[in-house]
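Open the model in a viewer and keep the sequence panel visible. The stops below go from one selection to the next.

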Amino acid sequence: MTDTATAGRLHAAFADAGVTGWLHAMDIDSGAQVGAGADQPVCTASVHKVCVLVTLHELAAAGEIDLTEQVECPPAGRTPGPTGLAAMLDPVRLSLRDAALLMMSVSDNTAADLLLRRVGLDAVNRTTARLGLTRTRAVYGFAEMLGTMREDAGPTGARALTDPHVITRLRALDPARTNRSTPRDMTRLLSALWRDEACPSEYGAAMRRVMGLQVWPHRLASGFPFDDVHVAGKTGTLPTLRNEVGVVEYPDGGRYAVAVFTRTANPAATLPAADAVIGTAARIAVDALRAP
């Protein structure tokens with residue numbers, strides 16, 4: 001249950017940043033919760049890569065996949081993106097687990113689709129269903145999702161993505177027509193991952209490691225600027241959308257799963273306040289969970 005003061009602080013933080021925000025936070029060990037629109041359907045964008053990660057390791061634990069399996073990634077046909085394999089020019093050969101590292105640490109779209117081709121969207125949806133994420137579903141791979149944006153934007157291409165009228169027709173921004181979840185489903189997934197309920201402990205440890213190597217400090221981690229507080233997370237970004245889910249671990253053993261999804265009417269790619277409010281809202285929620 002979210003107390004009135006915490007709810008007011010969350011609402012004010014989102015309003016001050018010029019975003020609509022939805023949040024769920026959970027004490028992984030006690031089950032205490034804080035929410036603001038926790039069951040709102042949201043577009044996951046690259047946050048859905050956490051579901052791909054868990055599926056990969058679930059299949060590995062079942063003996064259906066070898067994480068050291070080598071795969072080829074030629075330059076042709078790579079999913080667009082500014083990081084990792086997507087930005088490289090030459091042929092690459094790497095293991096599935098190293099592709100997972102790139103997918104999570106730098107949100108590499110090519111690596112994500114490479115893994116999706118290996119495990120399949122149906123397997124991702126079976127995994128989330130098994131874990132009780134009843135409102136979470138993968139509809140597209142990442143290349144397909146970006147392809148819908150190109151189709152919906154029309155002949156002027158990326159330039160149209162600054163037009164609010166164009167943005168309203170993008171399937172990728174409609175939770176009913178794209179990869180989706182809710183803040184509560186995402187914290188349930190993270191809690192299962194941190195409690196080794198998603199996969200056996202050795203696979204859980206591997207997933208927690210790569211989530212802890214994400215390079216982006218400007219969203220969730222910005223709310224916890226302490227040397228002894230560890231944040232492991234995964235961002236997601238599309239026009240007008242900025243999201244992050246992750247786990248905040250304190251030196252006293254406290255562990256808190258947090259999911260923050262935001263949307264703004266401003267189509268600008270750079271909105272520091274909209275990024276920072278994810279950390280601000282997460283800190284408000286975690287402080288409420290840690291209050292005596």
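Select Leu-23 and look across to strand β2: the residue opposite is Ala-36. The model is predicted, as are the pairings seen here. Now show strand β1, residues 20-27, together with β2; the two run antiparallel and are joined by 4 bridges.

Extend the selection to the whole sheet. It is open, with 5 antiparallel strands in the order β2-β1-β9-β8-β7. At the edges lie β2 (33-36) and β7 (230-238), each of which pairs on one side only. From one strand to the next the twist averages 10°.

Next, select helix α6, residues 142-153. Its 12 residues should span 16 Å at 1.5 Å a residue, because the expected span counts one less than the number of residues; the end C-alpha atoms are 17 Å apart, which agrees. Show the side chains of its buried residues, among them Phe-142, Met-145, Leu-146 and Met-149. The buried residues of α6 pack against α2, α4 (109-119), α7 (164-167) and β7. Step on to Gly-154, just after α6, where phi is positive at about 90°.

Which residues have the most contacts inside the largest nonpolar core? Select Leu-115 and Met-211; the core itself has 71 residues. Helix α2 (residues 49-61) gives the most to this core, 8 residues. A second, separate core has 27 residues, including Val-19, Val-248, Ala-282 and Ala-285.

Finish by centring on Met-211. Beyond its neighbours within four places in sequence, Met-211 is in contact with residues including Val-50, Leu-53, Met-104, Leu-190, Trp-194 and Lys-234.

How values were computed. Residues are numbered from 1 along each chain as its sequence is written. This is a predicted model: local features need pLDDT of at least 70, side-chain atom pairs count only at pLDDT 80 or more; totals for chains, interfaces and linings use all residues. Side-chain values use heavy atoms; hydrogens and water are left out. A nonpolar core is a set of buried Ala, Val, Leu, Ile, Met, Phe, Trp, Tyr and Cys residues joined through side-chain atoms within 4.5 Å. Buried means under 20% relative accessible area, exposed over 50%, partly exposed in between (1.4 Å probe, protein chains only). Contact means heavy atoms within 4.5 Å. Two strands pair if DSSP finds at least two bridges between them. Axes are lines fitted to C-alpha atoms, for helices over the stretch in contact, and angles run from 0 to 180 degrees between N-to-C directions.
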